[in-house]
Amino acid sequence: IPKHYEDDLEDIMIPSGLIDDRVERLARNICQDFGHADHLVALCVLKGGYKFFADLLDKIKQLNRNIEHSVPISIDFIRVKSYVDDQTSDEVQILGVDNLDNITGKNVLIVEDIVDTGKTMERLLKHLEQYKPKRVRVTSLLVKRTKGSTGYRPDYIGFEIPCRFVVGYALDYNEHFRDLGHICVINEKGKKKYAAEAM
Ligand code: PRP
Ligand code: MN
Ligand code: MG
């Protein structure tokens, strides 16, 4: 834990080493399933998804060196935002970063950091329909057991976590804590210190 976050965190929920192992497993599963596809578009959901996306693609790249049916991958980005403090604003804003016409007719793998209520992913999946992708699969490193969940379940899940607000590994609290390697639980002090109102 870096010094600048020492007082703001409750505990480490998932240490970075464990994340690394899990990401490799997920990469294997994904490569197996897409092994016979001709092309895959990996779509990163910014900002939270960037770290998982980068690490997952690294693992896939390493695997592709050793397998018979390696799959060429292109990458795209989309920015989706709804959280202030630890609450969803229920307004899921989709800010396209790239022209999504290049997913038309393609196999798409959406890469997300966390599915909490599921609203972001349901909204995004709906948004992508207009581009007529061939097949869309979703991987999320984390799925939270949330009371108000829409019930949405991604195709590839890293970890199921209890209903606590987590940060680190690119997950943020009002843009803080993305620069933390482990996935940690924020404490009350941290929530106060970095509250939207306090900024
Ligand atoms: C977070 C997270 C997911 C989404 C999950 O993004 O990265 O994208 O919320 O929440 P939901 O399942 O309840 O919709 P956020 O809106 O904080 O934007 P960010 O990725 O830029 O941090
Ligand atoms: Mn996000
Ligand atoms: Mg966020």
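**Crossing helices and paired strands**

Biologist: Helices H1 and H2 are oblique to each other in this predicted model. At what angle do their axes cross?

Modeller: Let's begin with the general idea: two packed helices are described by the angle between their axes and the distance between the axes. Here H1 covers residues 16-33 and H2 covers residues 50-64, and their axes come within 9 Å. Angles under 35 degrees count as roughly parallel and those from 65 to 115 as roughly perpendicular, and H1 and H2 are therefore oblique. The axes cross at roughly 60 degrees.

Biologist: What is the handedness of the crossing of H1 and H2, and which residues of H2 make the contact?

Modeller: H1 passes H2 in a crossing that is right-handed. On the H1 side, the contact is made by Asp-20, Val-23, Glu-24, Leu-26, Ala-27, Arg-28, Ile-30 and Cys-31. The H2 side brings Phe-52, Asp-55, Leu-56, Lys-59, Ile-60 and Leu-63.

Biologist: How many of the residues in the contact of H1 with H2 are nonpolar?

Modeller: The residues can be sorted into three classes, and no polar ones turn up in this contact. Five are charged; Asp-20 of H1 and Lys-59 of H2 take part in the contact. The nonpolar ones number nine.

Biologist: Now to the strands! In the open sheet of three strands, which are the edge strands?

Modeller: The order in this sheet is E1-E9-E8, with antiparallel pairing. Four bridges join E1 to E9, while E8 and E9 (residues 183-186) pair over two bridges. An edge strand pairs on one side only, and that describes E1 (9-14) and E8 (166-167).

Biologist: Which residue in E9 stands opposite Ile-14?

Modeller: You can trace E9 partner by partner. Val-166 stands opposite Val-185, and Val-167 has Cys-184 as its bridge partner. Opposite Ile-14 stands Ile-183.

Biologist: In the hairpin of E3 and E4, which residue takes a positive phi?

Modeller: E3 (residues 73-84) and E4 (residues 87-96) run antiparallel and are joined by six bridges. One facing pair is Val-80 opposite Ile-94 in E4. The hairpin has two residues between the strands. A positive phi near 55 degrees is taken by Asp-85.

Key. Residues numbered from 1 in each chain as written. Chains lettered and ligands numbered in written order. Predicted model: local features only at pLDDT ≥ 70, side-chain atom pairs only at ≥ 80, totals over all residues. Heavy atoms only, no water. Axes fitted to C-alpha atoms, helices over the stretch in contact; angles between N-to-C directions. Parallel < 35°, antiparallel > 145°, perpendicular 65-115°, else oblique. Left-handed = near helix turned anticlockwise from the far one by under 90°. Contact = heavy atoms within 4.5 Å. Nonpolar A, V, L, I, M, F, W, Y, C, P; charged D, E, K, R; others polar. Pairing = 2+ DSSP bridges.
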